[in-house]
Amino acid sequence: MKSSVITFPGSNCDRDMDVALKKFGFTNKMVWHDDNELPNSDLVVLPGGFSYGDYLRCGSMASKSKIMRSVINFAKSGGLVMGICNGFQILVETGLVPGVLLRNKYLEFICKNVFVKLDNKENAYFKNLNKDILEFHIAHNEGNYFCTKDQLKEIKDNNQIAIYYCNKEGKIEDQYNPNGSIKNIAGIFNKEKNVLGMMPHPERMIDQSLSGEDGSIFFKNLINNIK
Amino acid sequence: MEVNEQTAIDHGLKSDEYKKICQLLKRTPNITELGIFSAMWNEHCSYKSSRLHLKKLPTKGKKVIQGPGENAGVIDIEDGDAIVFKIESHNHPSFIEPYQGAATGVGGIMRDVFTMGARPIANLNSIHFGSPQHKKTKNLLRGVVHGIGGYGNCMGVPTIAGQTSFDSSYNGNILVNAMTLGLVKKNKIFYSKAAGLNKPVIYVGSKTGRDGIHGASMASASFDEKIEEKKPTVQVGDPFTEKLLLEACLELMAGDSIIAIQDMGAAGLTSSSIEMASKGNLGIEINLNKVPCRETKMTPYEIMLSESQERMLIVLENGKEEVAKKIFDKWNLDFAVIGKTTNSKNIELFFNQEPVAKIPVNILVENSPMYDRKWKKSKLPKKNKIKNEVLNKLKIKDVLKKVLSNQNICSKEWIWQQYDHTVMGDTIQKPGGDSGVVRVHGTNKAVAASVDSSAVYCWAHPLTGGKQVVAESWRNLISVGAKPIAITNCLNFGSPEKEENMGEFVECVQGIGEASKYLNFPVVSGNVSFYNQTKEVGIKPTPSIGGVGLIKDYTKMISMDLKEIDNLVLIIGKTEGHIDQSLFARTILDEKNGPPPEVNLFNEKNNGETILNLIDKGYVKSAHDISLGGLLVAISKMCIKGNKGIKISKSKNLINEIEYFFAEDQGRYLIEVNKDDLKEVTKILNKNSVHHEELGIITQNDMIINEKTKVTIDELKSYYTNWLSKFMS
C-alpha cells in the first residue's frame, strides 16, 4: 500500500507520521508542498504542525499551496485523504470538510491523552475496528470545532461525524470535551467519507513505551481496509 | 555622534573600561566601535566577574567531546552518537515582556544546539516567580508558559521536564532558564572556529531589525522603576522562521560546505562574527550594506547591535555559495554573502563604501576586562532547636495536606500540559517524573534529562547548596535508571558588585565544582546571569543544574508510579531528621533560619551507583528520590501516580515522627521491590554498605501511617493536583 505525507513549511509531525505509516506496512513517500504532482498513492496524509507558522489563520496558507491542488483533485476523485491536527485545519480551509476550528475554549495549548468514541464505521478508516472507544492523544491550540446549525444538521444527517471526545466508558459529555468543540466533535468526514479530518494524533500512540497503543490498532486496521 | 566618557557610561561601560579601550585602540572609538565594545564587554557576553571562578569547574571527562567555550557542550553516548546540550537564562527580558522574553529564550537555546549540527530532541526549563500573592506573579507565569509553549510547540520539539518555584525574592526579577538537548553523529559536529583566508562569510535566516538593540547590556544591569521603558530591548521571536532555519541548516550540514557556523544570539552580528574570527585567529571583513534589513535607514551601529532572532553566520568553503543559496531559497530564508575572512586579525566594517569600524579582534576578546571581585564568605548558620512539644502538637495528615498542596511541591500539570511533550514520538517519560526521557530515535537507547535548583539551600549556605543541586540532579537521573554523564549550569545571582552576592556566587560555584568532580559529573556548558536585582534587592542565589544521563536499554527505564500490590517500598539512605530549611520548617513552623541539610558526596555516589546496579539486575519496580518536602511527600507522589496505597510502619528509631516524615536529609531514595527479591536486594545493599530500611507494603488504596492515620488516594490527589489550576483560573 502506498501513502504520501505532505510536508509544508512548518509541518512538524511529518516524520512521526512517516514512521507510523511505515511501521504498519505502508510504503510512504514524503511530498514537498511546492511539488505539482502527487505520487501514486492509496492514502494521502496532511500531518500536524504549524504550517506557515499558522499565521493569518491555521491551515489557511497551506490550503493554497501548489500540491494542494493535486490533493483536492485526488480527494474529489474518491482518494483517501486524512488530515491530522494542523492537517485537519488545512482540510477545513480547503472546504473538503465543513466547519472551522477555533481557538481552544480556555485559550491554552493542550497536550494530553483523551478518549474518543467512533460514530461511524461505514468507511475505510474505521470499518472492521473491534473497538468503539479509542485512547488517542491531542496536542493543539486550535481544535475547537465549530459549524453553523444548518451545517451541523447536515453533517449529522449524512453521518459525517467521525469521532467524539468522551470518557473511558464512552460517555460524551461536556466535562470530557478538552477544547470546547461543538457537540464534542473531534473529527469529521466529508460527505463521501473518503476524507477524514481529526484533531487527535494516532501516530503518537504506536507502541507501549509511548502514550499508548490505540494508534497501532487504528493503523493496522486502516491498512487492512485499504488492501 | 561624538564619543566621550559619558557616552561610554551610557553604554554601560565603566570609566576605567573606557580608558582601557582608548589605550588599546590608541585613539577614541567612533560610536559604532563603542557599541561593539559595550556589547562584547558587558557582563552577559564577557563573563568578566565570573570567568576567574568558572575556570575552577571540572569540565573534562571520558564522555566529554566538547566542554564550555562552544555554542553548547557535547557528550558521547556511544555507537557514534552524541548529545549536544546547554541551559541558558532569559531572565531580564522575560520580566519586561514575559511572552517574547521566554519564547526567544527557548528559541536562542535551540539555535545554540542546532548550530552544532544537532537536531533538537528535547527541551526543559526552570522557571521561578515571585510570591503567589504578588500582583505580577499570575500574569508573568501565564506569559512565560505561553511563550515557552508557543516557541517549543511550533518547533516540534517536545518539552519533557522542568521545574517551577515561587519565592518572594523573585518578585522583581523572575527567572527563565531554558535547556535543549540535541542529537548528532559524533563525526558531524560543527564548530564556530573560522579557518582559511578569503572564505565567504554568509548571513542566513531572518532579516535584521531594530529589535533587541542593547539586549545583552540590559541583561547586565539591575532593574529600577523605569524598567518598563526597556521593552524595546526585548527581542521578538518567530518560531516558524526558526523551524525553517533548523531544517535548512541541517540540510546544508549534511554536505561539506560549512567551515564554521555561529548563531547570532546575544549581541547579534557583533559577537558572532568576532567569536568566529577570534577562535580562528583571523580577521573578518563585513560589508554592512549586504546585511538583509527589514527596516529602512538602519545605521551600522544598529545593524551590529540588533538582536533580531533566527539568524546565523556561516563561513563557507569557496565555491559553495550556490549550493548553500539553493537550500536557503528552498526554505524561503534570506541568504547573503556579507564578507570574507582575512589575515588582518581585525574586524573591519564597511558601509556605503566607507570604513566604519576597525578593531583588532584580540582587543575585544582576550583583552576584555576580568575582575576579581570582592566577596564575602558565608558562615554555616546555627541549627535550630525545635522542641518535641511543638512537633507533637501537629497532626501528620494536616501537615501532609499543607505540604503537598504547597505551591513549590504541588503538581505542575497546568504548566506542562501546555507544552507539547510527545511530538517526535520518542518521549517515554513525560513531565512530572524525576527526569524526562526520550529515546534515541531508532535505537534501544534513551537519554534522560532533569533540571534542578534549590535556592533556599543556596541562600542558607551557598557551598552546601551548590553541592546539593548537583547531587539532586544526579539522583533524578538515577531514579529513572539513567547513568549520569554530565551537567550544564545556569547561574542566576544578584549583583556581582555586592560582596554578599558575589560571595554567594563564588561559594555556590565551589559547591557545584566539588560535587561534580566527586560524582564524575562534569560541567560541559552553561551561562551566568548576574544583576537579577531590583534596586538593592537581589534574588536568592539560584544555580540551575541541567543533568543528562544515558539509559542503554530503554525497556529498563524506571518511573515513580507504584506498580504492584504487596510489593515493598524501601528507603535508601539514612533519615537523620534534618528539619532546618525544609519546606516543612518554612511553611508549618515559619522558621526560615538554620543550615541546609548536609550533603555527603560519598553516600550520594555509593547510594546512586548501588541503585543503578539494582535497576540493572531488574529488582527495582519503581523509584523516586526524596527531595523537597521529605519522605512522606515522596511516597505520596508514588501513590498518586500509581493509584495505589501503602501501609507505613515507621521504624523504631529515636527521631520524632514529624521529623522522620518531613525532614529533607540528602542522598535518599524510595524503591519498590518484590518481596521475593528482598533477600537478594538486601544482600547487595549490605555488601555496598548502603543504609536502608523498610517503609511499608503497597496496598490497593489508602495511605495508612502507623495504623492510626488514614489518607485516601483521592485525598492525596486533591491535595496535590488542585493548587496551580485554581490559582491560575
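Me: What makes strand 6 of chain B count as mostly covered?

Reply: This is a predicted model, and in it 10 of the 11 residues of strand 6 (175-185) of chain B are buried. The cut-off for that word is 20 or more other C-beta atoms within 10 Å of a residue's own. With 10 of 11 residues passing, "mostly covered" is a fair label for the strand.

Me: How do you know that strand 3 and strand 6 of chain B are joined?

Reply: You count bridges. A pair of strands needs at least two of them, and strand 3 (residues 81-89) of chain B has 9 to strand 6 of chain B. So the pairing holds by that rule, and the two strands run antiparallel. For a concrete spot to click on, Ile87(B) has Met179(B) in strand 6 as its bridge partner.

Me: And what joins strand 4 of chain B to strand 6?

Reply: Again 9 bridges, this time from strand 4 (residues 119-129) of chain B, and the run is antiparallel here too. Set that against the minimum of two, and strand 4 and strand 6 of chain B pair as well. Among the bridges, Ile127(B) goes with Val176(B), while Leu124(B) has Met179(B) as its partner. Met179(B) is also the partner of Ile87(B) from strand 3.

Me: Which order do the strands of that open sheet in chain B take?

Reply: There are 6 strands in the order 1-2-3-6-4-5, and the pairing is mixed. In that order, strand 6 sits between strand 3 and strand 4.

Me: Why are strand 1 and strand 5 of chain B said to stand at the edges?

Reply: Strand 1 (64-66) and strand 5 (159-166) of chain B each have a single partner strand, so one side of each is left without a neighbour in the sheet. From one strand to the next, the twist averages 20°.

Me: Which helix packs on this sheet, and what does it touch?

Reply: Helix 7 (residues 98-114) of chain B does, touching strand 3, strand 4 and strand 6 of chain B. Its direction makes about 25° with that of strand 6.

Me: Stepping back, how many helices and strands does chain B have, and why is chain B called as compact as a globular protein of its length?

Reply: Chain B has 27 helices and 28 strands. The globule rule gives 27 Å for 729 residues and the radius of gyration of chain B is 26 Å, which is close, so the label fits. The C-alpha atoms take up a box of roughly 85 × 50 × 45 Å along the principal axes. Of the residues of chain B, 61% count as buried.

Me: Why does chain A get that label?

Reply: Chain A, with its 5 helices and 11 strands, has a radius of gyration of 16 Å against 17 Å from the rule for 227 residues, so chain A is as compact as a globular protein of that length. Its C-alpha box is roughly 45 × 35 × 35 Å, and 54% of its residues count as buried.

Me: What makes the two chains touch, in numbers?

Reply: A contact asks for C-beta atoms within 7 Å, and by that test 22 residues of chain A meet 21 residues of chain B. On chain A's side, the elements giving two or more residues are helix 1 (14-23), strand 6 (110-118) and strand 7 (133-140). Strand 6 of chain A gives the most, with 3 residues. That side of chain A divides into 10 nonpolar, 7 polar and 5 charged residues.

Note on methods
Residues numbered from 1 in each chain as written. Chains lettered and ligands numbered in written order. Predicted model: local features only at pLDDT ≥ 70, side-chain atom pairs only at ≥ 80, totals over all residues. Helix = DSSP H or I, 4+ residues; strand = E, 2+ residues; numbered from the N terminus. Nonpolar A, V, L, I, M, F, W, Y, C, P; charged D, E, K, R; others polar. Rg over C-alpha atoms; globule rule 2.2 N^0.38 Å. Buried ≥ 20, exposed ≤ 12 C-beta atoms within 10 Å, placed from the backbone. Axes fitted to C-alpha atoms, helices over the stretch in contact; angles between N-to-C directions.
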